[in-house]
Amino acid sequence: MKKLLLTLSAVAVLGLAANAQTEKGKFMVGGQVSFDGTKVKDTDIKTNSFSIVPNAGYFVADNIAVGTGIGYNWSKSEIDNLKETTNSSFVLAPFGRLYSKNDGPVKFFGQLSVPMSWGTLEEEGTKTATTANYGVELAPGIAYFPTSNIGVEFKVRGLFYNNSSVTEESTDTKVTTDTYGLNVNSLAPTVGVTFHF
């Protein structure tokens, strides 16, 4: 009987902890950091990229958070003895998130975000073009709250659209590209940790 009461108490505490973390007036912080590198064997072809986008959100109502991510992207490409190309950009990504209203340590959520970035392209240290990206993404996910302050999240990209442009400095020529799709690969979700307080 004692074991049953202890189990029920533990489940109740976990349920209250999860609900407390998504109630009005709470904050959540998290973010994304990545580094990628590629080198082609027996050549001088290589690329490196780095990205950091911390984000913060505020629960304006129970289970509804709004916030933004602010960060920086950088990449460099080198092809044999040709010029070195660098791409750097400032990132702004406001978002809104809706959590399910169920009790317990597991909650489903949907996130609508509007990622944007503005940057420059350089060759050998000389600015050659400016870049701009504007997008919208609707991503589903699931959050597990093992403690009262930590959420472990699994999210797929979902439905997305992006408009990117590159404007050449010398000719003022602008090339615009639209990208869109649906990506719900449950076998390759992004995994993250958010802190709630």
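## Overview

Of the 197 residues in the protein, 26% are buried. The model is a predicted one. The protein has one helix and eleven strands, and along the sequence these follow the pattern α-β-β-β-β-β-β-β-β-β-β-β.

The accessible surface comes to about 12100 Å², and carbon and sulfur atoms hold 63% of that surface. Among contacts with a separation of 6 or more, 55% are between residues 24 or more positions apart.

## Strand β4 and its partners

Strand β4, residues 84–99, pairs with strand β3, residues 64–78, through 15 bridges, and the two run antiparallel. Within this pairing, Y72 has F90 in β4 as its bridge partner. Strand β4 is also joined to β6 by eight bridges, again in an antiparallel arrangement. Here L92 is matched with M116 in β6.

A further set of five bridges connects β4 to β5, which also run antiparallel. In that pairing G96 stands opposite L112 of β5. The two strands form a hairpin with six residues between them, and G104 in the turn has a positive phi of about 110 degrees.

## T86, a residue of β4

T86 lies in strand β4. Is T86 buried or exposed? T86 counts as buried because its relative accessibility is 15%, and the cut-off for buried is under 20%. Apart from neighbours within four places in sequence, T86 is in contact with W74, S75, K76, T120, L121 and E122.

## Strand β8 and E153

Strand β7 is joined to β8 by four bridges, and these strands run antiparallel. A hairpin of five residues leads from β7 to β8, and Y144 stands opposite V152 in β8. Strand β8 is also paired with β11, residues 190–196, through six bridges in an antiparallel arrangement.

E153 is found in β8, which covers residues 150–155. In the pairing with β11, E153 stands opposite G192. With a relative accessibility of 8%, E153 counts as buried. Which side chains make polar contacts with E153? The side chain of R97 does so at 2.6 Å, and that of T194 at 3.3 Å. Not counting residues up to four places away in sequence, E153 touches M28, R97, Y99, F109, I142, A143, T190, V191, G192 and T194.

## Salt bridges

How many salt bridges does the structure hold? There are five. One of them is between the side chains of E84 and K76, with an N to O distance of 3.9 Å. Both residues are partly exposed: E84 has a relative accessible area of 28%, and K76 has 22%.

Another salt bridge, also given as 3.9 Å from N to O, is made by the side chains of K127 and E169. This pair links distant parts of the chain, with K127 in strand β7 and E169 in the loop between β9 and β10, 42 residues apart. K127 is partly exposed at 40% relative accessible area, and E169 counts as partly exposed at 43%.

E137 forms a salt bridge with R157, and the closest N and O atoms are 3.4 Å apart. Because E137 lies in strand β7 and R157 in the loop between β8 and β9, the pair ties together parts that are 20 residues apart in sequence. R157 is partly exposed, with a relative accessible area of 39%. Salt bridges that share partners also join K76, E78 and E84 into one network.

## A nonpolar surface patch

Which residues make the nonpolar surface patch of about 870 Å²? The patch is made by L112, V114, V136, L138, L159, Y161, Y180, L182 and V184. The elements that give two or more residues to the patch are β7 (126–144), β9 (158–168) and β10 (174–183).

V114, one of the patch residues, sits in the loop between β5 (106–113) and β6 (116–123). V114 counts as partly exposed because its relative accessibility is 35%. That value also fits the patch, since patch residues have over 30% relative accessible area. L112, another member of the patch, is the β5 residue that stands opposite G96.

Technical notes
Residues numbered from 1 in each chain as written. Predicted model: local features only at pLDDT ≥ 70, side-chain atom pairs only at ≥ 80, totals over all residues. Heavy atoms only, no water. Patch = residues over 30% accessible without salt bridge, like charges linked within 9 Å, V, L, I, M, F, W, Y side chains within 5 Å. Areas by Shrake-Rupley, 256 points an atom, 1.4 Å probe, with all protein chains shown as cover. Salt bridge = Lys/Arg side-chain N within 4 Å of Asp/Glu carboxyl O. Buried < 20%, exposed > 50% of the residue type's maximum accessible area, 1.4 Å probe, protein only. Pairing = 2+ DSSP bridges. Contact = heavy atoms within 4.5 Å. Polar contact = N/O pair within 3.5 Å; in protein donor to acceptor, adjacent residues only side chain to side chain.
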